[in-house]
Amino acid sequence: MLKTNYTYTFIILSVILAVCFFINISLGSVYIPLKNILESLLGNSDNIIITQYRLPKAITAILVGSGLGISGLLMQTLFRNPLAGPFVLGITSGSSLGVALVILGSGLFGGLFATALISKWSIVIAASLGSFLVLLAVLAVSNKVRDTMAILIIGLMFGSITAAVVSVLSYFSSAEQLQQYIFWGFGSLSNLSWHELTIFLLIYLVGLTLSIASIKSLNSLLLGENYAKSLGLNLKQSRFIIILSTSLIAGTITAFSGPIAFIGLAIPHLTKQIFKTSNHKILLPAVLLFGAIIMLICDSISQIPGSDYTLPINAITALVGAPVVIWLLVRQRKMVF
């Protein structure tokens, strides 16, 4: 009976995702009817607004929302901490440091980081390198440390170190440079071309594949590390794969779309409130769907339909999602974990 209920729930979520997808494409400074959207998707017409701007943005929203939701679920299960998110390992901090060096570095290092060198790809590469270096450090630590909680603390320390370096760079930077860095920190879903989106998707799929391969390990870890070992789980290997999966997904999202808050922390909890299970065979696809839906809704709200203005996606994810999580947790009186 439970399986049947879950099947119906997945069907409903899939329908909601499709509806949100088309609504997201139709809304904006110019309203586009559903008929025109379908004609463009089927190749019967070439609406540049749809094919070159709104469709890539909607797909980016799906990848970002689902990816952050999955990353948050992996981290909350690995560390058995409901407040853990996809960025507790310092991955976002590493990306932020890389971007800060490119945008703000000229104030401290002069011509070595000239403002003229700043481009879209330089920011993406810098963010990727920053997150990759932090990833290598975390993976190296994970092989040396037995306690999983120690990895969490070390990840937070990496975040503190990088934040301190960014503060120093900010102190020596101009107002224009600081503004550019702050705008990057707002997050954006609308800057990707089809070529960039393809690269994003490929790395995302690698991370998703690793997370699917970790489902059995994640279910074992719910019962504690000692019990998981007694079941024959290779803790170091499983931990390595889970951290690598999270880092690939979260690091790529940050590199291409900036640091987007709230989704990775809240979506796993919202999903558990609906599905009432801790089985990752169910939770993983559920979080994927739920994260994509919430991000599409937040992006649709940020567009301010009928206006040329677009609000920062980070502000919308927090303003829309945080009250919902508070209401659900107060209503349930108990956090499902």
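Contact here means heavy atoms within 4.5 Å. With that in hand, here are some views of a predicted model.

**Figure 1. The whole chain, an all-helix run of elements.** Start with the overall picture. The protein chain has 14 helices and 0 strands. Among its contacts with a separation of 6 or more, 78% join residues 24 or more positions apart. The C-alpha atoms fit in a box of roughly 55 × 55 × 35 Å along the principal axes. A compact globule of 337 residues would have a radius of gyration near 20 Å, and the protein chain agrees, with 20 Å. As for what is covered, buried residues make up 49% of the 337.

**Figure 2. Helix α11, from residue 235 to residue 257.** This helix has 23 residues, and from its first C-alpha to its last it reaches 32 Å. That is close to the 33 Å expected at 1.5 Å a residue. Is α11 mostly covered or mostly uncovered? Mostly covered: 17 of its 23 residues are buried. Right after the helix comes G258, with a positive phi near 85°.

**Figure 3. Two threonines of α11, T246 and T254.** Let's zoom in on the helix. T246 counts as buried because its relative accessibility is 0%, and the cut-off for buried is under 20%. Leaving aside neighbours within four places in sequence, T246 is in contact with S71, L74, M75, P86 and G251. Now go on to T254, which is also in helix α11. T254 is buried as well, with a relative accessible area of 0%. Which residues does T254 meet, again skipping those within four places in sequence? The list is F87, T92, S95, W184 and P259.

**Figure 4. F200 in the largest nonpolar core.** In soluble globular proteins, nonpolar side chains tend to be buried together. Here the largest nonpolar core has 85 residues. Which of its members touch the most others? They are F79, L89 and F200. Take F200 as the one to look at: not counting residues up to four places away in sequence, F200 touches T60, L63, V64, L192, T252, I253, F256 and S257. One of those residues, T252, falls within the 235-257 stretch of helix α11.

**Figure 5. An aromatic cluster made of Y6, F10 and F275.** A search of the whole structure turns up 7 aromatic pairs. One of them is F10 with F275, a tilted pair with 5.2 Å centre to centre and 45° between the planes. F10 lies in helix α1 (residues 2-26) and F275 in helix α12, so the pair ties together parts that are 265 residues apart in sequence. F275 is buried, with a relative accessible area of 1%. Add Y6 to F10 and F275, and you have one aromatic cluster.

**Figure 6. Two cysteines, C20 and C298, that are not bonded to each other.** A disulfide is a covalent bond between the sulfur atoms of two cysteines. How many disulfides does the count come to? It comes to 0. Why is C20 left without a bond? The sulfur of C20 is 10 Å from the closest cysteine sulfur, in C298, and that is too far for a bond; a disulfide would need the two sulfur atoms within 2.5 Å. Seen from the other end, C298 is in no disulfide either, and the nearest cysteine sulfur is that of C20. C20 is buried, with a relative accessible area of 11%. C298 is buried too, at 1%.

**Figure 7. R80 and K276, two loop residues with positive phi.** Neither of these residues is a glycine, yet R80 has a phi near 50° and K276 has one of about 50°. Where is R80? Look in the loop between α3 (48-79) and α4 (91-109). R80 is partly exposed, with a relative accessible area of 43%. For K276, go to the loop between α12 (263-275) and α13 (280-302). K276 is partly exposed as well, with a relative accessible area of 45%.

Methods. Residues numbered from 1 in each chain as written. Predicted model: local features only at pLDDT ≥ 70, side-chain atom pairs only at ≥ 80, totals over all residues. Heavy atoms only, no water. Helix = DSSP H or I, 4+ residues; strand = E, 2+ residues; numbered from the N terminus. Buried < 20%, exposed > 50% of the residue type's maximum accessible area, 1.4 Å probe, protein only. Expected span 1.5 Å × (residues − 1). Core = buried A, V, L, I, M, F, W, Y, C linked by side-chain atoms within 4.5 Å. Phe/Tyr/Trp six-rings, centres within 6.5 Å; stacked < 30°, edge-to-face > 60°. Rg over C-alpha atoms; globule rule 2.2 N^0.38 Å.
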